[in-house]
Amino acid sequence: MTVYRRWPDMAALTSDLVERELRLSLVVALSSAGNAESTSIAAWIVSLVAEIEKNPLFIKMIDVDPELLLTYLLQRQSESQESVVAVLTDVIRKAQRQGDVRRGRPEVLARTVVLMCQGFLLSRRTMNENSYTERIAHREMRRALVSYLT
């Protein structure tokens, strides 16, 4: 009963739990962030994706109930996605001033990066062959991000 005093249903509870875990992953990844050049931004993003990939809640959701993620992929943006976009927008803006990231609206670049990473994060497991390991996927994601940002 205590749970339902705070959350109206299981979907709301799950949503809040996912938000908390994704924010925690963002904090961990931010603590490892380097400077603002495109290679460092790409490395930071890859570390964020890797942090989310190893999160027990994320793994369980993908394995048991991936439909929980559909709302955030098809209907609306989550608060944690918005947090990543906001942080990334600031980092990109700074890198643009230093000449390390190409011209363009920082928020558009940030949102595009988030969309690219969602594909790697959610679909990489479908490419789980010996020839496409996690290490290779992260390397290729880093290359794609650097190419996009420069």
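Let me start with the cavity. This is a predicted model, and the structure holds 1 cavity of 30 Å³ or more. Its volume comes to about 440 Å³.

What lines the largest cavity? There are 25 lining residues, and those nearest the centre are Leu22, Ile52, Gln81, Gln118 and Leu121. By class, the lining splits into 19 nonpolar, 5 polar and 1 charged residues. If you want to find the walls on the screen, look for the elements that give two or more residues each: α2, residues 10-31; α3; α4, residues 56-64; α5, residues 70-75; α6, residues 79-97; and α7. Which helix gives the most to the lining? That is α7, with 6 residues.

Now to the helix packing. Two numbers describe a packed pair of helices: the angle between the axes and the distance between them. I will take two pairs, and α3 is in both.

The first pair is α3 with α7. Helix α3 covers residues 38-53 and helix α7 covers residues 106-123. Their axes come within 11 Å and cross at roughly 40 degrees. Roughly parallel would need an angle under 35 degrees, so α3 counts as oblique to α7. The crossing of these two helices is right-handed. On the α3 side, the contact is made by Ile45, Val49, Ile52 and Glu53. On the α7 side, the residues are Val113, Cys117, Phe120 and Leu121. That contact divides into 7 nonpolar residues, no polar ones and 1 charged. Two of the names should sound familiar: Ile52 and Leu121 take part in this contact, and both were on the list of residues nearest the cavity centre.

The second pair is α3 with α6. How are these two helices oriented? The angle is about 165 degrees, and the axes are 11 Å apart. The cut-off for roughly antiparallel is over 145 degrees, so α3 is roughly antiparallel to α6. This crossing is right-handed as well. From α3, the contact uses Ile41, Trp44, Ile45 and Leu48. From α6, it uses Val84, Val87, Leu88, Val91, Ile92 and Ala95. The class count here is 10 nonpolar, with no polar and no charged residues.

One residue to mark before we move on is Ile45 of α3. Ile45 belongs to the contact with α7, and Ile45 also belongs to the contact with α6.

To recap, the model has 1 cavity of 30 Å³ or more, α3 lies oblique to α7, and α3 runs roughly antiparallel to α6.

Key
Residues numbered from 1 in each chain as written. Predicted model: local features only at pLDDT ≥ 70, side-chain atom pairs only at ≥ 80, totals over all residues. Heavy atoms only, no water. Axes fitted to C-alpha atoms, helices over the stretch in contact; angles between N-to-C directions. Helix = DSSP H or I, 4+ residues; strand = E, 2+ residues; numbered from the N terminus. Parallel < 35°, antiparallel > 145°, perpendicular 65-115°, else oblique. Left-handed = near helix turned anticlockwise from the far one by under 90°. Contact = heavy atoms within 4.5 Å. Nonpolar A, V, L, I, M, F, W, Y, C, P; charged D, E, K, R; others polar. 1 Å grid on protein atoms, 1.4 Å probe; cavity = no way out; pocket = protein on both sides within 12 Å on 5 of 7 lines; lining within 4 Å. Points joined across faces, edges and corners; volume = space filled by probe spheres on them.
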